[in-house]
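Biologist: Could you walk me through this one slowly, and tell me how things pack as we go along?
Modeller: Gladly, let us put it on the screen and begin with a pair of helices.

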Amino acid sequence: MIWDAIFQPFADFGFMRRALLGCFAISVGATPVGVFLMLRRMSLTGDAMAHAILPGAAVGYLIAGLSLGAMTIGGLIAGMAVALLSGLVTRVTALREDASLAAFYLISLALGVLIVSTRGSNVDLMHVLFGTVLALDDAALILLCSITSLSVLILAALFRLLVLECADPQFLRSVSGLSALTHFIFLALVVLNLVGGFHALGTLMAVGIMILPAAAARFWATSIGGLVLVAIAVAMLSSLIGLLLSFHYSLPSGPAIILVAGVAYGISLLFGPSGGLIAQAMPRRHSEV
Amino acid sequence: MKTKRMLLKSAAVILALTVAGPAAAQANKPIPVVATFSILGDMVERIGGEHVAVVTLVGPDGDAHVYQPTPADARAVNKAKVLVVNGLEFEGWLDRLIDASDFNGMRVKATDGIEPIPFEEGADHAKHDDDEKHKDHGKQDEHAKDDDHGAFDPHAWQSLSNAVVYVDNITATLSKADSSNAATYYMNRAAYVAEIQALDADIRAIVAKLPADRRTVVTSHDAFQYFGRDYGLTFLAPQGLSTESAVSAKDIAHLIEQIREQRIPAVFMENISDPRLLKQIANETRAAIGGTLYPGALSAPNGPARTYLRMMRHNATALARALGS
């Protein structure tokens, strides 16, 4: 019975196994990035970046059709351009980062929509821009896994610097010239993971798998390592349950996965021991951390 | 052949000019015609020739289901003397466009007089198509939601015998709108209909060779019912696949099981929908990818389906190649 419900779909259908592998890759790659976004109070940056990527991918599609390479490169270029330009403006002018990021992603988005409509193709772009996790081919899976590997390696190398930047950015800036570099590499990781995620889940859903598990983990763990591990676990479980719901109840898979992550966030919000609503309402026992 | 037709055409023009004396000055100027999508545009051009200036709203490789009209379209419709539409609720966005553009020419519904296929054929598909219609209309045409969810399959041009009806309807309206050239229109019509009927005979001969157990294919959107009826093929269009963003794992699993159980030999991609999913499905079953079919839009001018007749021939040969092998 349980075997039938949980394992049979994956045993019978290759596309389910591919979907699960793709989701797990995103979970491992994007979620830690999401944790750092959250710690640096940049959770909405993920959303802005997703919008910045979308036109790049659309332009790639218009130039080369449904080509994984063109859409990835287009998305990367658009995302990195927005990240670099907004970072530059922040560093050399008085405009704060959130405002300059908003300005550039809106420009990028408008430019993308303009290019798409003047080209006059009426193929519904939403079909293209909302990738579906059920149609991952070999190339897409390899891309996803490569992005995840790269992302994990870079995060490991930058871990200490990133933690410092989260905890005390002023200190890092005063003792090391690496602050700006760390920031840009980190933004590059955000873009890279969103571009990977959009092949599987579509740009907008990719933000969900990046941010929601991180937000949920916040109510369970206190150390950064703990946050990352819990977030990855939440993301993987959400992927599995979401795919199974999509299989058994005929729900679209992308939204199903993100909604399961949303439910995980809701449960964490209520029951999480570290700052959850119920834990806050209970009288505190100071002997415990 | 071509020069002969040209000669006939010019003879007819001279005839028309002499007969319709007063209208002669007008006859030199092509009349503005708007066709809603590429297939109708091609037909109008064949019938009207140099006497019409055709504007096609949804161009090659465009999906008329999800089209969003632009102000330029409204201007074209406003200037048009004849507006050629498919009907059967194919162009859900059309009424709004006509309202917005203050159109006061003649409107011809190309499907007038055909025998439409209701969506209820095959209980499995009926619900799906209904759902899909609702979804589509929700996106583009809120007020039409209740009265306008098509009961009939609008892809009637997929039948060559329907195409003759299309051509007759268009010819009659063009002739009414521009009576000075009516003789030319009817002459062009005769040549075109002859070509259509010859192609119909060709396709019948091609399809007749297919064995009875290899007559089912999978396509990504349910647009070939008329073709199937004419030539005795079965087209399966899986639930949800045409709205790619909302596809569920269950739909795909169901389709894969169906392909495995019925040993369906081929799946086909279409020029107006996302091929990635079908490629995956083909990978997972033994079905071959039979190539690209053109359900509702012509290809770009350098593609294999740049005219309506080429499109029909391309579809038939692609199907026969995949099923016959």
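Modeller: To start with chain B of this predicted model, the crossing of helices α3(B) and α7(B) is right-handed.

Biologist: And which residues of α3(B) and α7(B) make the contact?

Modeller: On the α3(B) side the contact is made by B:M43, B:V44, B:I47 and B:G48, and on the α7(B) side by B:Y166, B:V167, B:I170, B:T171 and B:L174. Sorted by class, this contact of α3(B) with α7(B) has seven nonpolar and two polar residues, and no charged ones.

Biologist: At what angle do α3(B) and α7(B) pack?

Modeller: Helix α3(B), residues 38-48, and helix α7(B), residues 160-177, pack at an angle of about 55 degrees, and their axes are 10 Å apart. With that angle, α3(B) counts as oblique to α7(B).

Biologist: OK, what about the sheets, starting with the one that has β1 in it?

Modeller: That one is an open sheet of four strands in chain B, in the order β2-β1-β3-β4, with parallel pairing. Strands β2 (52-58) and β4 (106-109) of chain B stand at the edges with a single partner strand each, so one side of each has no neighbour in the sheet. On average, neighbouring strands of this sheet are turned by 20 degrees against each other, if direction is ignored.

Biologist: How many bridges join β1 and β2 of chain B?

Modeller: Strand β1(B), residues 31-37, pairs with β2(B) in the parallel sense over six bridges. To pick out one of the residues there, B:V33 has B:V54 in β2(B) as its bridge partner.

Biologist: Which strands does α3(B) touch, and which does α7(B) touch?

Modeller: Helix α3(B) packs on this sheet and touches β1, β2 and β3 (82-85) of chain B, with a direction that makes about 150 degrees with that of β1(B). Helix α7(B) also packs on the sheet, where it touches β1, β2, β3 and β4 of chain B, and its direction makes about 170 degrees with that of β4(B).

Biologist: Let's move along the chain. What is the strand order in the sheet with β5 to β8 of chain B?

Modeller: This is an open sheet of four strands, again in chain B, with the order β6-β5-β7-β8 and parallel pairing. Here β6 (234-236) and β8 (288-293) of chain B are at the edges, and each has a single partner strand, so one side of each is left without a neighbour in the sheet. The twist from one strand to the next averages 35 degrees.

Biologist: What stands opposite B:V217?

Modeller: That is B:F235, which belongs to β6(B). Strand β5(B), residues 216-218, and β6(B) pair in the parallel sense over three bridges.

Biologist: Which strands does α12(B) lie across?

Modeller: Helix α12(B), residues 308-324, lies across β5, β7 (266-270) and β8 of chain B, and runs at about 175 degrees to β8(B).

Biologist: And how does α8(B) sit against α12(B)?

Modeller: The axes of α8(B), residues 182-208, and α12(B) come within 10 Å and cross at roughly 5 degrees. That angle makes α8(B) roughly parallel to α12(B). The contact is made by B:E195, B:I196, B:L199, B:I203, B:I206 and B:V207 of α8(B), together with B:L309, B:M312, B:R313, B:A316, B:T317 and B:A320 of α12(B). By class, these residues divide into nine nonpolar, one polar and two charged.

Biologist: Switching to chain A, how do α2(A) and α3(A) cross?

Modeller: Helix α2(A), residues 14-39, and helix α3(A), residues 43-64, have axes that come within 6 Å and cross at roughly 120 degrees. The two helices are therefore oblique to each other. Their contact is made by A:G34, A:L37 and A:M38 of α2(A) and by A:S43, A:T45 and A:G46 of α3(A). In this contact of α2(A) with α3(A) there are two nonpolar, four polar and no charged residues.

Biologist: Last topic, what are the confidence scores of the two chains?

Modeller: Chain A averages a pLDDT of 85, with 91% of its residues scoring at least 70, while chain B averages 79, with 77% of the residues at that level. In chain B, pLDDT stays under 50 over residues 17-25 and also over residues 121-149. The model scores ipTM 0.76 and pTM 0.73.

Key
Residues are numbered from 1 along each chain as its sequence is written. Chains are lettered from A and ligands numbered from 1 in the order in which they are written. This is a predicted model: local features need pLDDT of at least 70, side-chain atom pairs count only at pLDDT 80 or more; totals for chains, interfaces and linings use all residues. Axes are lines fitted to C-alpha atoms, for helices over the stretch in contact, and angles run from 0 to 180 degrees between N-to-C directions. Angles under 35 degrees count as roughly parallel, over 145 as roughly antiparallel, 65 to 115 as roughly perpendicular and the rest as oblique. A crossing is left-handed if the near helix is turned anticlockwise from the far one by less than a right angle, and right-handed if clockwise. Two residues are in contact if their C-beta atoms, placed from the backbone, lie within 7 Å. Ala, Val, Leu, Ile, Met, Phe, Trp, Tyr, Cys and Pro count as nonpolar, Asp, Glu, Lys and Arg as charged, and the others, Gly among them, as polar. Two strands pair if DSSP finds at least two bridges between them. pLDDT is the predictor's confidence in each residue, from 0 to 100.
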